[in-house]
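Trainee: Before I use these labels in my own notes, I would like to hear the reasoning behind each of them.
Mentor: Then let us take them in turn, setting each value beside its cut-off.

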Amino acid sequence: MKTKFLFSAALVTTMLAACTNEDFVESSKVNVVNDGRPVAGKVVLDFGDANTRMDYDSETDKFTWDGSETIAALLMDEVDGTGSNYRPYNNPEEWANLTWYQKYKLVNYINTNYPFTWDEERGAWTTPAKMLEGNYFFAYPRETYNGERQLIHSLANQVQEGSSKEAMEKAYARNQYWIGYSQIKAGAENEEVLANVKMARTLSPIKFKITTVSTQTEYTVEKVTVQGTDLKTLLTIDPTKAGYNGKAAPKANDQNGIYNLKNGSSLDASTTVFNYANFIEAKDDLYNNANSATAENTVYNIEEGNESNYSWGDAIRATVHAGNQQSADKEYAELYIKDATPISGQNQKAVWGVVFVNLDDQVDTGQLTMSIYTDKGIVKDIDLTKVNDGSGSKYAVITDHAITSLTSTGNAKEITIQIDDNSFDIPQEMTVNNVDDLERFITWNSTKNRVNTVTLANNDTLTADMANTLIASQNAIATSENRLKVIAEGNQKLFIEAGVNSDIFNYIDVKGTDVVVLGELNLNEEKLKENTGLPADTKGITVAEGGKLNIEAWSEEALAVDNYGTLEVKGETSNIKVVNKKNAELNVNSTLTVNADSENEAEGTVNVNGILRGTTDKNFTNKGMLVNNGEIYNMINDGEDAVIKTSQKINHIEENNNNATILKTNIGDPISGINLSAGDKGVVKYVSTTNVDMSKVISNYITALEINGADLRVEGGASVLKKLEIKNGRIEGGSYIASVWTPSSKLLNMADGAKVEMSGEMELNWVTIKATAGVEVLDGVVTMTNKVQIADDGSATNKYPLTLGSIDGYKKYSVTIRNSGNVVVGALNTVAGTPKSTIYNNGTFKYSRSGSDLSNINVNGTELVQE
């Protein structure tokens, strides 16, 4: 038998010592990583003759480690150099003279989470990491916290293997939660760097023994839950909120305490911050190294002669608080008992167990209840705050004593709970905490011919197996009216997992809860059975990312859908509010008429292959991409990310606001509902790879034109065009004579503030470009033939700039003026930082002297003319 090292329920004393010489960083050498925090090196936890497992002895109330455990060392401070900019690497000598308080400030989050495990060969607790100097809180069992920086410990999902008294004692050891504190300091080689890590129990055990006098039935206890007004499911550690006033005063977490740190800047007020000096008995620690060791400047503040008023266990337990549960979640503790021995009045067996809950100095009458889940049903809401004598209730139990407080040592003896056949209930209505509760409720009621109602205390999940049970029971002749009704106490949601029968909505009533669709489901009001329904009033359906909802028919009751996945409208659908989220897809293949506040959010996609109606109330706002291949009515297009791509049918758009874009698939696609003639209703854009007549740009009120590999043919006339992007094409003036395009000098008359961007192989011929923001040659070669001007009219009364180059890089820039060319521009410049451009001038090139800079331009041929 291995020797076991015992530690009391109040204390674990440990040693951390240096490993090998090379594992340590010398005190004079400081690592600048981690804000310059010194590295302590590898650390060893030594529990004396500890061997390998966490066991509990109920006779002595002692625990022993066992070696399969993992203990967490949590670094919970930051280098406190904010005011004075103290850092170890700035001035190591100055840093060494600072007090611990000046160096490190306790925080409510975890910086590092070091694991300590038992090394059988070395006979010690070790971690593979080199630890940093700082304030460490120790926790058992160690958890990963899902990668988050906040410690969260859950009292749900406690497990006990077996139902004997020995199994209870093993669960007592495994399910208790311990926390401790100590400082780890960087030291010289082979020196002890840490001693006396004290760890305290943080939970209260409720031990129980369940017996039955039933002679008719055997019951297998599978789970026990405890609920109460002050009970919490999730716990966390926050050393900044650890108010503690000692034994003489009521415990006052979150309030300033006499045994907490003072405000170090003024030393005139206490705080709620955990006083580490009291805990480790560091009587010489000071707040400020510049001041003397007065009582005010000493961190340790337990008065001499009054040491008995201070309990280090209570002090560190004051750091424990409720975790970040949602406000609507119902708090509970839960114990699963695996492989329990069936009990009956005939076999005289019993079930021993222990479930841990958070501490509570005073439990109010009626505010602590237990429920026992078995294979045959549930014994609900046993009042643990009184002695139950089996009378006065349909589902009666007998208990032998009451719980009035929940302390870390728990009750001296277990509560004996006697049940009988009449103690059990297969409830028609039940509050469920989790998936296990919901599955049991559905299974228990699978043969009941009635509507069965569950209330969600927390978010819950309907699994494929549950759905199959529901459908099978409803399809059976004897249970054709068997329905599941789900309601929520607050904002809880019912998640329907992937793989659930796609027609499950036809079999359940979820009017009273929000539903989240994780897989693919169908919705058809014509197929809904009696006593079913979808989320109503303030409730709605959320289609999760990766989920899909097919709506085959809907109209009668108002429905709200938030779509993060795919929403397919396959049949006539109305009376529905749809919000299509970022990266989500809404496909309208029939007719969809939406309610108020429906929208497609930025980066969402809507494909309309049927009809989308916003109604005259303008109920639908597009802020993402809406591709219309059918008909849209009463749309609002809003925001610079908003794009409506038109169809040849109906594009009824009431508003096009805040630089939103109407992208014409065909330049002549009809647009109704909005007057675009002034060019001030957002962006109307057309993209083409074939020749474009400027006359059609004018008549269709295009404000942004993009051409690739084709010509823009200019016949004159005023436009609302504000931006022209053209690549590998031609801008040419002219007119159609007998349907034949004939070049001649014309004015490309763009709106005020207009700009032209050209790239690739470009040609300008017989055109005056009125672009008051100028013309930019981004890259490529531009050839200018005949009369080419960047000006307001044919006489070039006002000229506008020509800029060569792009900050995005290029292959080459050049401008060629043919011998017939007569070019007039305003200021001539290049983009700073680009290589030189070249102008090959075989004709005439005039530019404005004012604002021009030719230092980055090579001119070949005829000299350019300044005006």
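Trainee: Why is Lys755 called partly exposed?
Mentor: This is a predicted model, and in it Lys755 has a relative accessibility of 25%. Buried means under 20% and exposed means over 50%, with partly exposed in between, so Lys755 at 25% counts as partly exposed.

Trainee: What makes the contact between Lys755 and Glu776 a salt bridge?
Mentor: The cut-off is 4 Å between a side-chain nitrogen of Lys or Arg and a carboxyl oxygen of Asp or Glu. For the side chains of Lys755 and Glu776 the N to O value is 3.2 Å, and the pair therefore qualifies. Lys755 lies in strand S63 (residues 755-770) and Glu776 in strand S64 (residues 775-790), so the salt bridge ties together parts that are 21 residues apart in sequence.

Trainee: How do you know that Arg440 and Asp436 are buried, given that they form a salt bridge?
Mentor: Each is judged by its relative accessible area, for which the limit is under 20%. Arg440 has 13% and Asp436 has 16%, so both residues count as buried. Their side chains meet at 2.6 Å, N to O, which is within the 4 Å limit for a salt bridge.

Trainee: Where in helix H6 do these two partners stand relative to each other?
Mentor: Arg440 and Asp436 are four residues apart in helix H6, and are therefore separated by about one helical turn. An α-helix has 3.6 residues a turn, so residues three or four places apart point the same way.

Trainee: What makes helix H6 mostly covered?
Mentor: Seven of the ten residues in H6 (residues 435-444) are buried, among them Leu438, Phe441, Ile442 and Trp444. At the N-terminal end of H6, Asn434 acts as a cap, with a side-chain oxygen 3.3 Å from the backbone nitrogen of Asp436.

Trainee: Why is the pair Arg174 and Glu69 still called a salt bridge?
Mentor: The closest N and O atoms of Arg174 and Glu69 are 4.0 Å apart, and the requirement is a separation within 4 Å, so the pair is counted. The two residues come from distant parts of the chain, since Arg174 belongs to helix H3 (residues 165-175) whereas Glu69 sits in the loop between strand S6 (62-64) and strand S7 (70-75), 105 residues apart.

Trainee: Which of these two partners is buried, and which is partly exposed?
Mentor: Glu69 has 2% relative accessibility and counts as buried, whereas Arg174, with a relative accessible area of 32%, is partly exposed. A search of the whole structure finds 24 salt bridges.

Trainee: How do you know that strand S21 is paired with strands S14 and S24?
Mentor: Pairing requires at least two bridges between the strands. Strand S14 (residues 153-154) and S21 share two bridges, while S21 and strand S24 (residues 320-322) share three, so both cases meet the criterion. Each pairing is antiparallel. Leu235 in S21 stands opposite His153, and in S24 the bridge partner of Leu235 is Ala322.

Trainee: Which way do the residues of S21 point?
Mentor: Leu234 and Thr236 point one way from S21 (residues 234-237), Leu235 and Ile237 point the other way, and all of them are buried. Across the chain, buried residues make up 54% of the 867 residues.

Note on methods
Residues numbered from 1 in each chain as written. Predicted model: local features only at pLDDT ≥ 70, side-chain atom pairs only at ≥ 80, totals over all residues. Heavy atoms only, no water. Buried < 20%, exposed > 50% of the residue type's maximum accessible area, 1.4 Å probe, protein only. Polar contact = N/O pair within 3.5 Å; in protein donor to acceptor, adjacent residues only side chain to side chain.
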